[in-house]
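Biologist: Please show me the model, and then we can go through it by question and answer.

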Amino acid sequence: MAETILFVDDEENILNSVIRTFVDSEFSILTAPDAAQALDHLKSQAIAVLVTDNMMPGMNGMELLALTKKISPNTVKVMMTAYTDLPTVIEAINRVEVFRFIVKPWDNQELLTTVNEGVNRHRLLESLSHENEAVLYALAETIELKDPYTKGHCERVAQYALLIGEALNLPENMKTDLRFGSWLHDCGKIGVPEQILNAPRRLKADEITTIRFHPEWGAEVARKAHMSPGVINIIRSHHERYQGKGYPDNLAGDDIPLEARIVAIADTYDAITSTRPYNESRGRETAMKILRRLSGKDLDPELTEIFLEILERQAPAD
């Protein structure tokens, strides 16, 4: 069944233009001339993505999105406006969790791409709500389709993380968090354009900034889906660095959740030993040397040593 997209604007010509833009899309398109009619739609049916103008008579877009957050929390919210200013952007992100901004006059391809990415985010949230192994693993494989270089990455990260978890004698619930969190640690990349993820070059500063939002985006989705704190910690904090200066929260040392420190080691090792757009794969011995250099800097030194010992035991006999 096609997802439903709702566009809200008090200008009829804008709504007509939107309908023309999406005439060949796979989605069901609804329009509303004001917030009141939009709320009626939200209360009567499932809306995957809501795209609303901000400056409208009566209830404005920000107020509509705030109510949407309560009425239909899984609906992905996009704000369309003739201009943006910093206070509006900050309020929209912090108060109503806006996914994207579209500035009028918009580029049709940009609008189509934004709505498609919003639908993917909605599908992710709906899938997470079921939280069972088959669904979550299938979701991890879907995430990897955005980046062909990472095929199998999530499962390998889970295997490495669980080796560390076994060595630490972690309880079963924490090992489950390691497995699910490893599968979903990059789920926020659903919000990152594929031309950035797959760029065979050094990324520009603004592209790096976009990618660095993915732990926050992913953690927000997992939080809305009521996943365990351990899984949310992994998704949000797997790019923190042991000595600080990681992202998104600049945590350091034991302030980084244990499960995230474990997955960071597993994620790093698999990145080193896999082919990516920005580097060729390296062998086990080279990867272990790199882990030793990162130990105590980017990675937890005690956990890194445990993982290195595991790798040493697994080394093939001469």
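Biologist: Where is proline 248 found, and which residue does a cis peptide bond join to it?
Modeller: Proline 248 is found in the loop between α12 (229-237) and α13 (258-272). This is a predicted model, and in it omega of the bond leading into proline 248 is about 15°. That bond is cis, and the residue it joins to proline 248 is tyrosine 247.

Biologist: Lysine 245 has its place in the loop between α12 and α13; what is its phi, and is it buried or exposed?
Modeller: Most residues other than glycine have a negative phi. Lysine 245 has a positive value, near 70°. Its relative accessibility is 71%, so lysine 245 counts as exposed.

Biologist: Which loop holds asparagine 169, and what is its relative accessible area?
Modeller: Asparagine 169 is found in the loop between α7 (153-167) and α8 (172-184). It is not a glycine, yet its phi is positive, at about 55°. Asparagine 169 is exposed, and its relative accessible area is 67%.

Biologist: Which peptide bond has omega near -10°, and where is the place of proline 105?
Modeller: Most peptide bonds are trans. The bond from lysine 104 to proline 105 is cis, with omega near -10°. The place of proline 105 is the loop between β5 and α5 (108-128).

Biologist: Now the strands. How many residues of strand β1 are buried, and which way do they point?
Modeller: Strand β1 covers residues 4-8, and five of the five are buried, so the strand is largely enclosed by the rest of the structure. In a regular strand the side chains alternate between the two faces of the sheet. In β1, Thr4, Leu6 and Val8 point one way, and pointing the other way are Ile5 and Phe7.

Biologist: Which strands pair with β1, and which residues stand opposite isoleucine 5 and leucine 6?
Modeller: β1 pairs in the parallel sense with strand β2 (residues 28-32) over five bridges. It also runs parallel to strand β3 (residues 49-53), joined by four bridges. Opposite isoleucine 5 in β2 is isoleucine 29, and opposite leucine 6 in β3 is leucine 50.

Biologist: What is the handedness of the unit that β1, helix α1 and β2 make, and of the unit that β3, α3 and β4 make?
Modeller: Between β1 and β2 comes helix α1 (residues 12-21), and the β-α-β unit made by the three is right-handed. β3 and β4 are parallel and joined by five bridges. With α3 they make a β-α-β unit that is right-handed.

Biologist: Which strand is joined to β4 by four bridges, and which residue stands opposite methionine 79?
Modeller: Six of the six residues of β4 are buried. Val76, Val78 and Met80 point to one side, while Lys77, Met79 and Thr81 point to the other. The strand joined to β4 by four bridges is β5 (residues 100-103), running parallel. The residue opposite methionine 79 is phenylalanine 101.

Biologist: Lysine 77 is found in strand β4; is it buried or exposed, and which backbone oxygen does its side chain reach?
Modeller: The relative accessible area of lysine 77 is 1%, so it is buried. Leucine 50 stands opposite lysine 77. Leaving aside neighbours within four places in sequence, its contacts include Leu50, Glu97, Phe99 and Lys224. At 3.4 Å, its side chain reaches the backbone oxygen of threonine 75.

Biologist: Why are the buried residues of helix α2 on the same side, and which elements do they pack against?
Modeller: In α2 (residues 35-44) the buried residues are Ala35, Ala38, Leu39, His41 and Leu42. They cover an arc of only 160° around the axis, which puts them on the same side of α2. On the other side, Lys43 and Ser44 are exposed. The buried residues pack against β1, β2, β3 and α3 (61-71).

Biologist: At the start of α2, which backbone nitrogen does a side-chain oxygen of aspartate 34 reach?
Modeller: The oxygen comes to within 3.3 Å of that nitrogen. The nitrogen belongs to alanine 36.

Biologist: How many helices and strands does the protein have, and what share of its residues is buried?
Modeller: The secondary structure comes to 15 helices and five strands. Residues 24 or more positions apart account for 63% of the contacts with a separation of 6 or more. Of the 318 residues, the share that counts as buried is 51%.

How values were computed
Residues are numbered from 1 along each chain as its sequence is written. This is a predicted model: local features need pLDDT of at least 70, side-chain atom pairs count only at pLDDT 80 or more; totals for chains, interfaces and linings use all residues. Side-chain values use heavy atoms; hydrogens and water are left out. Helices (H or I, at least four residues) and strands (E, at least two) are DSSP runs, numbered from the N terminus. Buried means under 20% relative accessible area, exposed over 50%, partly exposed in between (1.4 Å probe, protein chains only). Contact means heavy atoms within 4.5 Å. Two strands pair if DSSP finds at least two bridges between them. A crossover is right-handed if, with the strands pointing away from the viewer, the path from the first strand over the helix to the second runs clockwise. A polar contact is a pair of N or O atoms within 3.5 Å; within protein, one must be able to donate a hydrogen and the other to accept it, and residues adjacent in sequence count only if both atoms are side-chain atoms. The arc is that of the directions from the helix axis to the C-beta atoms.
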